[in-house]
Amino acid sequence: MDRLALDVAHMFAGGLVLVSFMLLYQDRMFGLLNIFALHALVVSLSVAWQAYIQLAPHLYITAGIALVVKAIIIPVALHRIIVRLGIHRTIETIGGIGRTMLAGIALVALSITVMLPITAAAGTLTREDLAFSLSVILLGLLMMISRRNAVSQIIGFMSIENGLILAATAAKGMPLVVEISVAFSIIIALIVVGIFLFRIRERFDTVDVHALERFRGSL
Amino acid sequence: MAVAVLLFCVGVLLATGVGAVAGARRSATAAIVYGLSLLVSAVALAVAFAALAFDSQWVQTLRLPVGLPWLGAHFRLDALAALFLIVVNLGGLTASLYGLGYGRHEEAPGRVLPFFPAFLAGMNLVVLADDAFTFLLAWEFMSLVSWALVMAHHREAGNARAGYIYLLMASFGTLALLLAFGLLAGPEGGYAFDAIRRAVPDPALATAVLVLALLGAGSKAGLVPLHVWLPLAHPAAPSHVSALMSGVMTKVAVYGFVRIVFDLLGPPLWWWGAVVLVLGGVTAVLGVLYALMQHDLKRLLAYHTVENIGIVFIGLGLALSFQANLMGPAAALALTAALFHVFNHSVFKSLLFFGAGAVLTATGERDMERLGGLIHRMPFTAFAFLAGSIAISALPPLNGFVSEWLTFQGILLSPKLPQWLLKFLVPAIGAMLALSAALAAGCFVKAFGVTFLGRHRSSAAQGARETDGFSLAAMFLLVFLCLLAGVLPGFFIDGLAPATQQLLGARLEPQAEMAWLTLVPIAEGRSSYNGLLLFLLIGAAALLCAKAIHRWASRAVRRSAAWDCGFPDPSPLTQYTAGSFAQPIRRVFGTVAFRAREEVSMPPPGETGPATLRVHMRDLVWDGLYVPVERFIGFAADLLNRVQFWTIRAYLNLVFFSVVLLLMVLTLWS
Amino acid sequence: MELIGKVLVQLVQLLLVLALAPLLTGYIRHLKARLLRRRGPAVVQPYRDLLKLIRKEVVLADNASWLFRAAPYIIFAATLIAASLVPTFATGLVFSPAADLIAIVALLGAARFFLALAGLDVGTSFGGIGSSREMMIASLAEPAMLMFVFSLSLLAGSTQLSSVADFMQRPEVGLRVSLALSLVALIMVAIAENGRIPADNPATHLELTMIHEAMILEYSGRHLAVIELAAYLKLLLYFSLIACVFVPWGLATAGEGFGAFAIGLGWYVAKLAVGGFLLAVFETGTAKMRVFRLSDFLGVALMLGLLAALLLFVSRGL
């Protein structure tokens, strides 16, 4: 039983890293959304499994929030935004996919080398999940810097948040209140970003954030 | 006794060289010089082999009262030296045998004959040397003589530049080694290797020595980014000398590295292994990618030398990593792999250069785009070159595969290393090794396919004739060795065991005693390989299949024009060329590694002008490292140039203040 | 006497792969036709093709060399030996120590080397295009394959397929993401190596899209038959490889009697049937890629392999 619990938790956490890679690789808008929904689904499954093995029922709520908000509401909302912006046929030009992926692998290696030695005192599962969640966070950051489209950047940002949830549940320390407030702040962020997106679009006729750079004040 | 015999061999070689200067104008000189070299190499080979095979613990030293008065010249024959002496003299033997035939076509024998035996002598001396002074002297002698051989055909385009760059890099390498030995010897100046071995340098100093050894030996061996001279210089020499330079001299450089780092330097630090591994991996992949872009057969082979040196250094890096973590058996495995690859590469690279030389004599062409179809004109050369290609592409059942397989086995042991950096680095290096092996296979499909298969691309290729008997004998001797080391690797690996025992204090289990002569480096259940069995099984299956079909089904053959989907074009120019063969790989890897860009210009509709495809590639190593260095030196020289136009008073001032400054430094220092 | 028995079992395995290989290809072709609502050829059609081909005369291009005539047999023999060294119905056969997984992959590499040379021998442009693309694919597939071998050796402590299969049957292997990643990577490599959709289309005769078919364009008669059989064997080999590493259930060990062998054989055929069905479904639902998308495709396989190794380090490093 213990063995199986560990294996399943390992599978979910590892799966989350893998889905992060899929996010990094995907260049179609709707594909990206679907994978993001999958990302959130894996996170909520992982959290639910943690709730089950840690006998911590409040984590089920966390899992539920993750599932509803991030696997359903946000993808649907972004879907509508994309349709309204008319960018659903855009294929992003990701410069050097191979290099990005290699960088991703290197980041995973880095987070493992950083995390495993410093968490030597903690339990097996915690250490593993912490290493994986740091990987997910770094991969999300990598996605944010390697993409130009604002929508992909939002998705990268949200995947970072998923990584944080994984870390928090693994560390067995996040109170429910925090999780709920994080979830709501994410929704607020989505709304703000959504409005922002339309404003950018209105002004500059594109959601390519590089367009903004021309309007920085010159030194 | 053995050392004396070997030194006598060296003396005979040197005397032969001197004699060749006198008799350069006579036609019989070539036969005498190569014959003597052949004989002497055979004797030295036998002595070294006997030393290794019959009494492996046997270390013999000899001190001659020449050289520096307080030092003398020390020589020593131990397992490592014996091993490399075998490599050197085997190469010398086959090159001399090849030279007996090939040398008759030499247009400037006076520029080759005196230096050829001297080159062999120099390499033997480096391996025998047992003190820093003798080592450096022999090393420099070897460099200069090989430079003279590179310059043998100095009127051909590009050769003078090749020689110039070679001379620069060789001097740089010797300088690095000089500094390395200076650091090793310490302030007391114990230049004999025995004294160096006894001293234990502190880690910072040892690291400096490692870096200098990498610069010095690495530049001679062709490690990226110090490889730039190699693909210029090796092909410029006559082919049997190219074989010696690529097959043997790079191995002498590896010997220098192994001697300094594994023998003289004391216990390694763990991250040295990482540095060597990265250098090896990058060298392997870049070497083969460069090779794929070449159309010049000999230059392609030279770049493959770079690749194989990378593979050797991967093995050495692994051995260093394991040794630093006191994992003796694993280190022995990795070092065995590296040393076995040293031997294998010297065999098949000599073979391939001999083949390229035979093609060059028969057609006068090194450019593959003007060859083709030579398998019909030179069937024996083609067969030998094919065997060499299989061996270098690391395909079973020949020898190249065995040493790469052993290297992989070393890589698979890496998870046991405690350092996380190494844990993650080694698999990545393994992927690079696999990549370079696969690319090497692609490259040799190209080299063999474009040169020997297909239709003749030029009249020179059409009129080619099979090469002479001596050359063929040399090639087939090496083909035999490739096969032997491939199917019976156990005996060869056991031959390497004394060297690993000497350097690491550990060795692989005796392999020749395993059941069925299977190679079992670690444990039966873990991994094993039996080249002999595979060879026999494949041979039997192929023969049975062919016999059965011919016996019971059909053996009818009809010759006809090529089918080519119904559109055969009679012009041989419509064949795939070397450039077009490499195009997919250039597109996949070259865009990153060489910034390759294709530029297509199409004539507008209605015009009959040809469309052109131009490929732009940059050598990033050259542009990124050597051009800036060159610029800086030019800049500094310009600055110094002004000094030439000072007045006498200014010069006097300069001298005066320099002396005062130095004196002040001296007082403050002590 | 005992040795003879062992060699006989090995021989049975060799004949088994030889006999099953065309059947597997015929079965997949048949299924693919059925999935497209065509009737399709009979499952035994490949046997008929081979028999027909070996009885025909060989039409040899004018400047074909001895290499062109010898290559089919070498390719066939290397592939056959490789295929008979991968456990199918039983592990620990007498010749299995002759080659571990790396050596088996290298044997396939040797076969490919000769195939690519044969493509260049006649000196036509189609042969060249096939050879050059084949070698590019190989250069991309090989590192991914090595990462797979690495993960396997990290997990099972062996590259010997019999030991790996034995290890994989133990309960402590458990559910591992890295195994799943390795499996996906291996399947991608297998697809590319065997020239299946989306890497290459085995049914195509459209000149510019073919790789394998382009290399063997000049072959006819018995030579073609032998090369085709080698291609069938290679496909079977990868099926056996996946089956023995990832679904090793039902494998007999060498010492067991005929009963165990028969059960192992039954399992093996069942695995082939399921695997063939999955391949047919996958191929029917996928389109062929552009040649230069393949570097992305196999790049992903390499990444998955690397990631699998990394994750294994984590779960073992604890």
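Two strands count as paired if DSSP finds at least two bridges between them. The exercises below use a predicted model.

**Exercise 1. Find the partner of Arg558(B) in E1(C), and describe how the two strands run.**

Step 1. Locate the strands. E3 of chain B covers residues 557-560. Strand E1 of chain C covers 58-61.
Step 2. Count the bridges. Four join E3 of chain B to E1(C). The cut-off is at least two, so the strands pair.
Step 3. Read the direction. The two strands run parallel.
Step 4. Pick out the partner. Arg558(B) is bridged to Val59(C).

**Exercise 2. Describe the side of chain C that touches chain B.**

Step 1. Count residues on both sides. Chain C brings 73 residues to the contact, and chain B brings 72.
Step 2. List the elements. Those supplying at least two residues each include helix H2 (45-55), strand E1 (58-61) and helix H9 (221-246) of chain C.
Step 3. Name the top contributor. H5(C) gives the most, with 18 residues.
Step 4. Sort by class. This side of chain C has 44 nonpolar, 18 polar and eleven charged residues.

**Exercise 3. Check the span of helix H13 of chain B, then decide whether the helix is largely enclosed or not.**

Step 1. Work out the expected span. H13 runs over residues 328-363, and its 36 residues at 1.5 Å a residue should span 52 Å.
Step 2. Compare. The end C-alpha atoms lie 52 Å apart, which agrees.
Step 3. Use burial. Of the 36 residues of H13(B), 33 are buried, so the rest of the structure largely encloses this helix.
Step 4. Look past the end. Gly364(B) follows H13(B), with a positive phi near 75°.

Definitions and conventions. Residues are numbered from 1 along each chain as its sequence is written. Chains are lettered from A and ligands numbered from 1 in the order in which they are written. This is a predicted model: local features need pLDDT of at least 70, side-chain atom pairs count only at pLDDT 80 or more; totals for chains, interfaces and linings use all residues. The expected span of a helix is 1.5 Å times one less than its number of residues. A residue is buried if 20 or more other C-beta atoms lie within 10 Å of its own, exposed if 12 or fewer, and partly exposed in between; C-beta atoms are placed from the backbone. Two residues are in contact if their C-beta atoms, placed from the backbone, lie within 7 Å. Ala, Val, Leu, Ile, Met, Phe, Trp, Tyr, Cys and Pro count as nonpolar, Asp, Glu, Lys and Arg as charged, and the others, Gly among them, as polar.
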